[in-house]
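Thanks for coming. I have one structure to go through today, so please bring it up on your screens.

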Amino acid sequence: MIEGDNIVSAARKAIMRHDYSAVLTIFPILRHLKQTKPEFDQVLQGTAASTKNKLPSLITSMETTGAKALEHFADNIKNNPDKEYNMPKDGTVHELTSNAILFLQQLLDFQETAGAMLASQETSSSASSYSSEFSRRLLSTYICKVLGNLQLNLLSKSKVYEDPALSAIFLLNNYNYILKSLEKSELIQLVAVTQKTAERSYRELIQQQILTYQCSWLKVTDYISDKNLPVFQPGVKLKDKERQVIKERFKGFNDGLEELCKIQKAWAIPDTEQRDNIRHAQKTIVEETYATFLNRYGSVPFTKNPEKYIKYRVEQVGEMIEKLFDTSA
């Protein structure tokens, strides 16, 4: 029993250090004690009440400590500070996300124990005679709370980035990591006990970030869109102003393309499938817009130095976009 008290004491110190993985050591011990309690009760029949109560008291103490650790962990996820030096420069998955998911995955090995811990803190009448289904719902609610806190914190952290497109890539990476991690484990089934639409919600969040990211390319494609472009009559000589407009459009596109490719090449999308899909979608949009513009104005005599303005073929533009999110390219 003294050893049990020492374990509880060590767990409490771990909570104070925010070392929540260390607190997990009490979960298997608590599970074992609860499984062997009937044998203890039988052996200790006829002994003094103080002796009989030692094990139930230790179990209660462990449950309270475990429940406190779970509560502190959820609060810590919510209040983890937004420090610029702690943010990934390339917008990849934040350490807070991977740590939170790892902790929740570790809880899967002790679902009944964790659920019972949470139930032990409930004061409602239903908790006094809680069932495994009741504790499972409590655990589901708890996991959803942690994920909700994580989402709020990530949203706050994303505002540290000055570039809205990098902010979108950061959120996309983190939401995608959470969704894939849930799907790869039993966590998705646990979440679905109380949140049936969680999977769909994450997919919608990811799609929103992709659309936000794609907006960063509008400043490039706007140069070569049909908006405010003069209409040219075949065989009619161009005015100086019209020639200047075409020059500015080509130059604006070239400069914007080079700048974005240079910046976004250093960003990261760890998920290969997601990265390929985003590249492909962006490549298609830019290539099609540029091909139309090039077809319309590439042969128009707007300059004596066409190579100065028509710097790229359509396929070269596509190749540049294929190298986004890849520092080795």
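I will go from the overall fold to the core, then to a few single residues, and finish with the salt bridges.

To be clear at the start, this is a predicted model. The protein chain has 17 helices and 0 strands. Of its 329 residues, 44% count as buried. If you take the contacts with a separation of 6 or more, 80% of them are between residues 24 or more positions apart. The chain exposes about 18100 Å², and 51% of that comes from carbon and sulfur atoms.

Now the core. In soluble globular proteins, nonpolar side chains tend to be buried together. Here the largest nonpolar core has 87 residues, and the members that touch the most others are Leu107, Tyr142, Tyr213 and Trp217. Helix α10, residues 164–184, gives this core its largest share, at 11 residues.

Let me stay with Trp217. Where does Trp217 lie? It is in the loop between α12 (198–215) and α13 (218–221). Trp217 counts as buried because its relative accessible area is 1%, and the cut-off for buried is under 20%. Setting aside residues up to four places away in sequence, Trp217 touches Leu257, Leu260, Cys261, Gln264, Gln282, Val286, Ile321 and Leu324. With one of these, Gln264, there is a polar contact between the side chains, at 3.2 Å. Another, Gln282, is 65 residues from Trp217 in sequence, with 8.2 Å between the two C-alpha atoms.

Back to helix α10 for a moment, which also holds Ser181. The relative accessibility of Ser181 is 8%, so this serine counts as buried. Beyond its neighbours up to four places away in sequence, Ser181 touches Ile101 and Gln105.

Next, a charged residue. Arg249 is in helix α14, residues 240–264. Which side chain of opposite charge is nearest to Arg249? That is Glu248, 6.4 Å away; Arg249 is buried and has no salt bridge. What the Arg249 side chain does reach is the backbone oxygen of Ser225, at 3.5 Å.

That leaves the salt bridges. The whole structure has 10 of them, and I will show three.

The first on my list is Glu183 with Arg203, where the closest N and O atoms are 2.5 Å apart. This pair links distant parts of the chain, with Glu183 in helix α10 and Arg203 in helix α12, 20 residues apart. Glu183 has 29% relative accessibility and so counts as partly exposed. Arg203, at 45%, is also partly exposed.

Then there is Arg243 with Asp240, at 2.2 Å between the closest N and O atoms. The two are 3 residues apart in helix α14, so about one helical turn separates them. Arg243 is partly exposed at 22% relative accessible area, whereas Asp240 counts as exposed because its relative accessibility is 56%.

The last pair is Lys311 and Glu258, whose side chains meet at 2.8 Å, N to O. This pair too links distant parts of the chain: Lys311 is in the loop between α16 (306–309) and α17 (314–322), Glu258 is in helix α14, and they are 53 residues apart. Both count as partly exposed, Lys311 at 39% relative accessible area and Glu258 at 26%.

One more item on salt bridges. Those that share partners join Glu183, Glu199 and Arg203 into one network.

That is what I had.

Methods. Residues numbered from 1 in each chain as written. Predicted model: local features only at pLDDT ≥ 70, side-chain atom pairs only at ≥ 80, totals over all residues. Heavy atoms only, no water. Helix = DSSP H or I, 4+ residues; strand = E, 2+ residues; numbered from the N terminus. Buried < 20%, exposed > 50% of the residue type's maximum accessible area, 1.4 Å probe, protein only. Contact = heavy atoms within 4.5 Å. Areas by Shrake-Rupley, 256 points an atom, 1.4 Å probe, with all protein chains shown as cover. Core = buried A, V, L, I, M, F, W, Y, C linked by side-chain atoms within 4.5 Å. Lys, Arg positive; Asp, Glu negative; His and termini not counted. Salt bridge = Lys/Arg side-chain N within 4 Å of Asp/Glu carboxyl O. Polar contact = N/O pair within 3.5 Å; in protein donor to acceptor, adjacent residues only side chain to side chain.
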